[in-house]
Amino acid sequence: MQIPTITLRDGLSLPAVGFGTSGLKGPAGIETIDTAIANGYRLIDTAYNYENEGTVGQAVKRSGIARSQLLLSSKLPGRHHKYKQAITAIQESLYRAGLDYYDLYLIHWPNPKRGEYVEAWQALLDAKRFGLVRAVGVSNFLPEHLEKLQQQTGELPEINQIELHPLFSQPELQKYDQDHEIVTEAWSPLGGVGMGLSQPIRELPLVKRLGEKYGKNGGQIILRWEHQLGALPLPLSHDPRRQAQNLDIFDFSLTDDEMQEIINLDQDNARVSQQDPQTHEEL
């Protein structure tokens with residue numbers, strides 16, 4: 001299966017769909033990640049606070065795939081935004097995973113009430129210069145946070161990983177990212193638990209109707225919608241069959257009207273969000 005790529009501003013190419021690993025730990029987590037790699041995933045996303053960087057590292061070693069063929073991403077926790085702590089945390093991330101470098105490293109949350117994210121961003125920029133990481137970005141940053149990074153360091157992130165699904169499409173933030181050559185990654189691209197919905201997003205009537213039209217399941221319709229928005233989704237599945245299906249989204253296209261219909265689901269449901277970067281503090 002040929003997966004298209006998305007090229008970051010500094011030239012690093014990423015597959016157009018990656019694999020999320022939140023909650024995957026221990027032997028079962030290793031098996032799930034290995035199955036994902038066998039199914040064709042080459043971008044694996046983790047975080048310091050997922051407490052599974054070691055699991056990801058072990059899965060990579062057992063996969064039989066050369067390290068150079070995989071792209072591994074992790075994230076800096078909020079409690080280590082001070083410069084020296086951030087550098088040490090990045091090194092610790094590498095030790096946990098048994099890696100010499102990460103392909104991507106992101107600030108997990110801006111934590112604006114603490115006001116230390118510019119210091120953390122400078123640490124990531126230096127970590128890139130030190131060779132600890134190949135590309136750097138952020139997660140859950142709003143335009144005002146991104147503008148402050150540029151004002152105080154002169155450099156914008158290459159990636160902004162945000163919550164993105166049909167009930168929370170964040171068009172203004174997506175446009176800001178596109179206008180500033182920032183790739184938008186989508187966490188929870190198929191929706192998640194605790195959203196107060198009576199049915200999963202993939203089972204909403206519109207999504208099911210489009211699935212019947214194109215011969216796809218609801219998850220594939222949503223991931224294709226995100227791909228056509230220009231975002232890079234990071235679905236997570238324990239099911240090998242579903243993992244493969246989540247990559248099988250490049251043989252059809254939604255029409256402009258269908259894209260807009262899915263966007264309108266957001267308006268109809270008053271933007272069901274799981275967390276707010278302005279109020280949520282990530283430790």
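**Exercise 1. Determine which residues of helix α1 are buried and what covers them.**

*Solution.* The buried residues of α1 are Gly29, Ile30, Thr32, Ile33, Asp34, Ala36 and Ile37. The model examined here, in this and the following exercises, is a predicted one. The next step is to identify the surroundings of these residues. Their cover includes the strands β3 (19–20) and β4 (43–45), together with the helices α2 (53–63) and α9 (240–247).

**Exercise 2. State how the span of helix α1 compares with the expected value, and describe the residue Gly40.**

*Solution.* Helix α1 comprises residues 26–38, that is, 13 residues. From its first C-alpha to its last it reaches 18 Å. The expected value, at 1.5 Å a residue, is 18 Å, and the span of α1 is close to it. After the helix comes Gly40, with a positive phi near 115°.

**Exercise 3. Decide whether Glu258 is buried or exposed, and identify the partners of its side chain.**

*Solution.* Begin with the location: Glu258 belongs to helix α10, which covers residues 256–268. The relative accessibility of Glu258 is 5%. Buried means under 20%, and Glu258 therefore counts as buried.

Next, consider the polar partners. The side chains of Glu258 and Tyr214 are joined by a polar contact of 2.6 Å. In addition, the Glu258 side chain reaches the backbone nitrogen of Thr255 at 2.9 Å.

Finally, list the contacts of Glu258, leaving aside residues up to four places away in sequence: these are Leu210, Lys213 and Tyr214. Tyr214 thus appears both in this list and as a polar partner.

**Exercise 4. Describe how strand β6 is covered and how it is paired with β5 and β7.**

*Solution.* First, establish the cover. Strand β6 consists of residues 102–107 and is mostly covered, with six of its six residues buried.

Second, examine the pairing with β5 (residues 71–76). The two strands run parallel and are joined by four bridges. Within this pair, Ser73 stands opposite Leu104 of β6.

Third, examine the pairing with β7 (residues 133–139). Here five bridges are found, and β6 and β7 again run parallel. In this pair Leu106 faces Gly137 of β7, standing opposite it.

**Exercise 5. Determine the handedness of the two β-α-β units that involve β6.**

*Solution.* The unit formed by β5, helix α3 (residues 83–97) and β6 is right-handed. From β6 the chain then crosses through helix α4 (residues 117–130) to β7, and this β-α-β crossover is also right-handed.

Key: Residues are numbered from 1 along each chain as its sequence is written. This is a predicted model: local features need pLDDT of at least 70, side-chain atom pairs count only at pLDDT 80 or more; totals for chains, interfaces and linings use all residues. Side-chain values use heavy atoms; hydrogens and water are left out. The expected span of a helix is 1.5 Å times one less than its number of residues. Buried means under 20% relative accessible area, exposed over 50%, partly exposed in between (1.4 Å probe, protein chains only). Contact means heavy atoms within 4.5 Å. A polar contact is a pair of N or O atoms within 3.5 Å; within protein, one must be able to donate a hydrogen and the other to accept it, and residues adjacent in sequence count only if both atoms are side-chain atoms. Two strands pair if DSSP finds at least two bridges between them. A crossover is right-handed if, with the strands pointing away from the viewer, the path from the first strand over the helix to the second runs clockwise.
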